[in-house]
Each structure stands twice: as C-alpha cells, then as structure tokens.
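I opened the notebook to record what I looked up, entry by entry, with the cavity search taken up before the rest.

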Amino acid sequence: MTDFLTQLKSLKLPSWMDAGEPAKLLRACVRFWSTVYDWITWPLRQFDPLTCAEPLLNLIAWERDITRFDGEPLELYRKRVNFAFINAQQAGEVAGFIAIFSRLGIGYVELLERQEGLDWDVIVVRVTDSQVANNSDLLLEIIRKYGRTCRRYQFEVITTLTVHINIGWYQGEYICYPATLGDVDTTSSATFSASL
C-alpha cells in the first residue's frame, strides 16, 4: 500500500463526529479518493510486467525480445518478461545461469563445464526428473535464449533416493591354521590371517 492510501485509510474523525452521517461521509470520501488514486496510477502500473494488462505485456515482451512458447502459463510469461534484462546480463557466467533458473522458479540446478570424457564444449546441466517433466519447454527456451553460442548442452537427471545404512563396530581376529597329515607329503603350507 502506498503512502497516500495509508494516510487515507488512517483518517479519523473526532469522537463527537465518529457516528452517523459524518462517519458515512468519511467512508464515502475514502472510497472515492481511493478510486481516483487507482485511476491516476493505472497508466504507471502498466509499465510493470507483473501487473500490466496482457496486450501491453505482449508489447513489453516484444520490446525485450521474449516470445511466449506454446502452453506457457501467464505468470511464468510475466516473470520471463520482468527479468529479461537481468537474465540477459547474467547469462554468460555459471552463477548467473543458475540465478536465471532460480528467478524463474525452476529450482536447483548444477552446471558442469569441461567434464572428463566429454568434449570441451559440452556443458552438463543437472536437474531433477520432476523439473524436466514440469518445465521441459521452459528449459529448452532458457538454453536457446541464454545459452552460450559455441557450447552444447547435455541434460543429466538427478534422482534422489533415500538409503538407510546401518553401521556398527566389531573387533576380532580371524586366524586360519592349516593341518597336515603325517604320512602325506605336503610341500607347501599357508597361513592366513585377517583382522577388522
């Protein structure tokens, strides 16, 4: 709420006038001036991509070189248009690319460059399987729009699995003694021992 609206809502009449017709008049004036304030500030609110009308949002998106892909929700489209400048500015670095994913609400992502066994120009993008399932078009759009020009991107899926490991401590010594028969020729004998 802006300062004008908070001051308008905080208007109080003196105690001898706080009932009847003067109180009704105060409520009517507050409602009227709140409406007038909305009318006056409506054009200014149209420059904010998060609150503007959808036809104006399309014009702002065109200006910022953002196209809406098929089936994209309006709230996500508004976020992409709103963060277009900062996303384009931070797209060249790993931390900025991860910040793009968090700003658009995709979640945790890892970027790995120059991995052993892969070509030098391959960047590995690690995401969870739910992120790929829920945001497949958005992931491809981010790579197309903000990915590095001479790089290839490879998606790896991270799946979390709960593992229960029981640990304990046992201390002992195991020794194995070979036995020989008296009349049998044993040319080799071995002694084994192991300890934990």
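Entry on the cavity. In this predicted model, I listed the residues that line the largest cavity and found Ala91, Glu93, Val94, Phe97, Leu111, Glu113, Ile123, Arg148 and Tyr153. I then asked which elements give two or more residues to that lining, and these are H6 and E1. The volume of the largest cavity came out at about 60 Å³, and the search of the whole structure finds 1 cavity of 30 Å³ or more.

Entry on helix H6. I looked up burial along H6, which spans residues 94-103, and noted Gly96, Phe97, Ala99, Ile100 and Phe101 as buried. What covers these buried residues includes helix H5 (84-90), strand E1 (110-113) and helix H8 (136-146). Just after H6, I noted that Gly105 takes a positive phi of about 80°.

Entry on Arg151. I located Arg151 in the loop between H8 and E3, and wondered whether Arg151 counts as buried or exposed. Arg151 counts as buried because its relative accessibility is 18%, under the 20% limit. Leaving aside neighbours within four places in sequence, I recorded contacts of Arg151 with Glu113, Arg114, Trp120, Asp121 and Ile123.

Entry on salt bridges. I counted 11 salt bridges in the structure, and looked more carefully at some of them. Glu72 forms one with Arg80, with the closest N and O atoms 2.8 Å apart, and both Glu72 and Arg80 are buried. I also noted a network of salt bridges that links Glu72, Arg80, Glu141 and Arg144.

Entry on Arg126. I found the side chain of Arg126 in a salt bridge with that of Glu110, at 3.3 Å from N to O. Glu110 lies in strand E1 and Arg126 in strand E2 (residues 122-128), so this pair ties together parts that are 16 residues apart in sequence. Arg126 also meets Glu156 in a salt bridge, at 2.9 Å from N to O; here Glu156 is in strand E3 and Arg126 in strand E2, and the pair links distant parts of the chain, 30 residues apart. For accessibility I wrote down 22% for Glu110, 28% for Arg126 and 28% for Glu156, and each is entered as partly exposed.

Entry on the surface. I noted a nonpolar patch formed by Leu161, Val163, Ile165 and Ile167, with about 530 Å² of accessible area together. Leu161 lies in the loop between strand E3 (152-158) and strand E4 (173-176), and I entered Leu161 as exposed because its relative accessible area is 72%.

Notes: Residues numbered from 1 in each chain as written. Predicted model: local features only at pLDDT ≥ 70, side-chain atom pairs only at ≥ 80, totals over all residues. Heavy atoms only, no water. Buried < 20%, exposed > 50% of the residue type's maximum accessible area, 1.4 Å probe, protein only. Helix = DSSP H or I, 4+ residues; strand = E, 2+ residues; numbered from the N terminus. Contact = heavy atoms within 4.5 Å. Patch = residues over 30% accessible without salt bridge, like charges linked within 9 Å, V, L, I, M, F, W, Y side chains within 5 Å. Areas by Shrake-Rupley, 256 points an atom, 1.4 Å probe, with all protein chains shown as cover. Salt bridge = Lys/Arg side-chain N within 4 Å of Asp/Glu carboxyl O. 1 Å grid on protein atoms, 1.4 Å probe; cavity = no way out; pocket = protein on both sides within 12 Å on 5 of 7 lines; lining within 4 Å. Points joined across faces, edges and corners; volume = space filled by probe spheres on them.
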